[in-house]
Structures are given as structure tokens and as C-alpha cells.
Amino acid sequence: MAPRVKYAAVGCGGMGRRHLRGMAALYSSSQCNMELVAACDLKPEQANLLADEAEQLLGTRPRVFTDIAQMVRDMPELQAADVTVESGFHHQVAVACFEAGLHVMCEKPMGVSIGTCNLIIAAAKKTGKVLSVAENYRRDPIHRLARALIDDGAIGTPRMMIQTSIGGGDRISMTPWRHMKHTASMPVDGGVHEADLMRFYMGDFALVFGQTRLHEAVRFKSDSAGPGGFYAGYLPTMPDSIRPTGDDALYAFIAFENGAVGLWIDDHAGHGMRKNERLVYGSKGSLQTFGNRNGKPTALHLDDGTVVDDARILDYAPSYKLNPLAAELFGGERVWTYNFTFNEVDSKIIATEYFELGECIRTGGEPEVTGEEARADVALTYAPFEAGRLGRPVTLDDMVSGRAYVYQGEIDQILGVAAAIPA
């Protein structure tokens with residue numbers, strides 16, 4: 001086998017530690033092509049925590065740093081960085097990694113505005129390095145199967161997609177920064193997952209009209225340790241309450257380029273009954289998926305009343321086939337359901353992201369979620385924000401060109417990157 005690509009974990013908090021478990025899953029596979037050799041975080045205690053866990057999980061302890069430039073000087077063999085810092089700092093850290101000569105995998109959202117996305121894309125192009133964005137919902141076998149069902153005509157011509165996510169109430173979600181405008185409030189930090197998945201299912205959007213709201217003026221500390229329990233360390237120092245600055249709910253109508261429409265609710269201030277559901281209606285039937293990273297089977301509903309939610313669903317998706325690594329990790333090329341814990345699923349999906357990065361670096365290939373793809377996800381996420389403030393529908397070109405740039409313009413000014421606002 002070719003030598004493994006040596007990389008650094010840049011950002012060693014909750015998400016960085018989740019990514020470490022993904023690397024452990026890749027290490028345990030037959031196709032490991034990456035090697036963790038460094039951990040970098042402004043907080044040395046966080047970098048050392050990740051390094052200690054890496055020693056337990058991977059068998060070797062990465063070197064610890066608090067400065068990217070120093071890390072690259074001391075370790076000239078470094079080839080890549082996995083950036084998992086807070087979303088509002090993605091542009092600063094990713095650009096610094098590119099300028100230091102590293103390939104980059106960046107957590108979603110790639111940037112907290114189109115302007116900051118443009119900074120990252122420009123740095124990748126200038127340096128000629130790989131930029132991959134870690135959008136993981138689409139890599140779930142359940143969503144790979146759903147996409148194949150749509151492509152193979154199981155529901156006929158797609159006509160409408162309904163994406164609904166409601167819950168959260170007045171609690172702080174994981175960390176306070178996820179409720180602030182300039183560091184990606186929850187409809188951005190979490191909603192971009194759904195934006196990417198809608199585009200994965202339906203293609204690019206042509207037009208969006210919608211509005212957003214800041215429902216909860218005050219949010220209160222919860223006792224939740226967050227996904228997988230990786231955010232428990234933040235609870236002792238978390239304030240009892242915060243005053244959010246970013247909108248916490250979006251409501252949108254989407255017209256896709258393929259002629260279908262979408263109805264999207266991403267409400268992180270919902271009280272009472274929680275809802276997480278995805279429906280796609282076509283000219284012959286409909287699909288229903290139930291959340292993400294949980295292995296629940298997709299249900300195919302046909303006009304004659306037939307509901308297919310077992311292994312027979314594979315008959316309607318002949319093109320469905322996982323890549324070799326995903327097949328190894330999930331137990332088959334044509335998995336239609338699975339029974340793993342959240343942390344196990346999370347790590348398996350992240351492992352496939354790492355593997356793809358390594359192969360792109362080795363071969364010069366293009367990752368599935370490029371900078372441009374991730375920027376379009378951010379554009380769809382912010383489209384309801386901008387449409388509501390402008391009082392008119394917005395197009396993809398409006399979003400990418402900067403013609404619809406009120407809410408995001410305020411973010412760029414806070415971050416001091418006004419020069420990155422598109423012309």
C-alpha cells in the first residue's frame with residue numbers, strides 16, 4: 001500500500017473528538033490511508049485531551065501544538081489538516097492551513113456567510129490544494145438508498161419534498177456560540193445539513209422565498225451532553241442563560257431547478273411535540289425517511305396502498321451500491337437498514353470522509369462535497385434569511401453573487417471580512 005497521508009487535527013473540542021473516533025474506525029478497516037500525527041488547538045488542554053484519546057484509540061500519540069505555522073515548521077511531513085474549530089472561525093483557520101501548504105477537510109458549514117466561503121475557496125485555488133467539506137448526512141447508507149430510489153424512478157418524477165425539523169424549545173444547544181449570528185446560529189450550523197441533503201435528493205434550487213425568526217430571546221442551560229456525549233465538558237463553565245443574537249427558526253418555500261418544490265421548516269425553538277421527518281412525493285409514489293444516522297428503514301408508499309419498508313425496497317433501487325469502505329463498515333454493499341449506536345454510525349460516516357480526502361490527495365481527484373458544493377449549501381441555508389429581509393424571493397445567483405446579502409453582510413462586518421462580500 002502507498003504511504004498513509006499524514007494529517008493534523010486542528011480543533012480538538014467536541015467535534016474534533018468525534019472526528020477522532022472516525023479515524024479510529026478507518027484505522028480498524030482494511031483501507032486505512034490516513035495517519036494522525038498532530039493535534040492543534042488554541043487551548044493546550046484540549047489538544048492534550050485529544051492526543052491522549054488518540055493514543056488509546058490509534059496506538060500512537062500525536063504531537064501537540066497551539067499554532068498552525070509552528071506545527072508545520074516542526075513537522076514538514078504534514079500533508080493535511082482536519083478543521084473542526086467553531087464555525088465562525090472556519091475561514092480563518094482553513095485559510096491559514098492552506099497558506100501553510102496543507103490540504104484541508106473543513107467541517108460544515110464551510111463558512112458562516114457566502115463571503116467567508118469565498119475566502120476559503122480562493123485560498124484552496126491559490127495554493128492548489130484539496131478542499132473537502134465534511135457534510136456527512138448524505139453519506140448515511142439510508143440516504144444513499146433514498147437517492148438511488150429517486151434516480152431509479154421508484155416514485156416517478158419528483159414533485160415535492162417536505163423537510164421538517166422542530167424542537168429545542170428555550171434550551172442552549174450544546175454550546176452558546178451556536179446561538180449567535182456571527183458564529184452560525186442553529187438553523188445555519190444544524191440546518192446546513194438539511195440544505196445539503198435537500199440538494200442531494202433534488203438538485204440545485206432556482207428560487208427561495210421564506211422568513212426566519214428569533215423566537216427565544218433568552219435561552220437556558222440544559223443538562224444535555226449533546227450528540228454522542230462529547231459536549232459534556234462544556235457544561236461546568238456554561239452560563240445559566242444567554243441572549244442569542246442569531247435567528248433560531250427558518251420557514252421556506254423552495255423551487256428546484258428540476259421543477260419540483262420544497263417546503264422546509266427548521267425550527268430550533270419548537271415546544272411540545274418534536275418533529276423530524278423527510279418526505280418526497282413523485283408522480284408514482286412517495287418516500288419517507290425518519291431522521292438521520294439511526295438506521296431506520298426508508299418507507300416507499302405506492303398508489304395501490306403498498307408500503308415497502310423492508311428488504312424488498314432494494315428491488316426498486318437497482319443502481320444502489322455502497323463504495324467498498326462504506327460496505328465494509330456497514331456490513332454490505334446494499335444495506336437498507338442497520339443497528340448501530342449513534343457514535344458507531346457517526347464514526348463510520350466520518351471514516352468515509354477521511355478516506356475520500358486521502359484518496360483525493362493521493363490521486364488528484366475531486367471530493368464529493370467541494371468548496372463550490374458547500375457554498376451552495378450555505379446559499380440555500382441563508383436564502384430564507386435574505387428573502388425575508390428583502391421581502392422578495394431570491395435565486396441561487398442572487399445568493400452567490402451577493403445581490404441578496406443583508407443578514408450575511410452584517411455577519412461579515414462583525415467578523416471584519418467586509419472585503420469578502422461578493423461584488
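**Two pockets and a sheet**

Visitor: What volume does the second largest pocket have?
Guide: This is a predicted model, in which local features need pLDDT of at least 70 and side-chain atom pairs count only at pLDDT 80 or more, while totals for chains, interfaces and linings use all residues. Residues are numbered from 1 along each chain as its sequence is written, and side-chain values use heavy atoms, without hydrogens and water. A pocket is an open set of points, on a 1 Å grid over the protein atoms alone, where a 1.4 Å probe fits, with protein on both sides within 12 Å along at least five of seven lines. For the second largest pocket, the space filled by probe spheres set on the points, joined across faces, edges and corners, is about 870 Å³.

Visitor: Which element gives the largest share of the lining of the second largest pocket?
Guide: The lining (residues with an atom within 4 Å of a point) counts 37 residues here, and those nearest the centre are Gly11, Asp41, Thr84, Val85 and Glu86. Two or more residues each come from H1, helix H2 (44-58) and helix H4 (90-99); helices (H or I, at least four residues) and strands (E, at least two) are DSSP runs, numbered from the N terminus. The largest share, four residues, belongs to H4.

Visitor: Which element gives the most to the lining of the largest pocket?
Guide: The largest pocket has a volume of about 1000 Å³. Its lining has 39 residues, with Ser173, Met186, Pro227, His268 and Arg274 closest to the centre. At least two residues each are supplied by helix H1 (14-27), S7, helix H7 (186-189), helix H8 (191-202), S12 and S13. The most, four residues, come from S7.

Visitor: Which residue of S12 is the bridge partner of Ile166?
Guide: Strand S7 (residues 158-168) has eight bridges to strand S13 (residues 275-282), in the antiparallel sense, and pairing requires that DSSP finds at least two bridges. Ile166 stands opposite Lys275 in S13. S7 is also joined by eight bridges to strand S12 (residues 261-270), and these two run parallel. In S12, the partner of Ile166 is Asp267.

Visitor: Which strands stand at the edges of the open sheet?
Guide: The open sheet has six strands, paired in parallel in the order S3-S2-S1-S4-S5-S6. Two of them have a single partner strand each, so one side of each is left without a neighbour in the sheet: strand S3 (63-65) and strand S6 (131-134).

Visitor: Which residue of S2 is the bridge partner of Tyr7?
Guide: Strand S1 (residues 5-10) runs parallel to strand S2 (residues 34-40), and six bridges join them. In S2, the partner of Tyr7 is Leu36.
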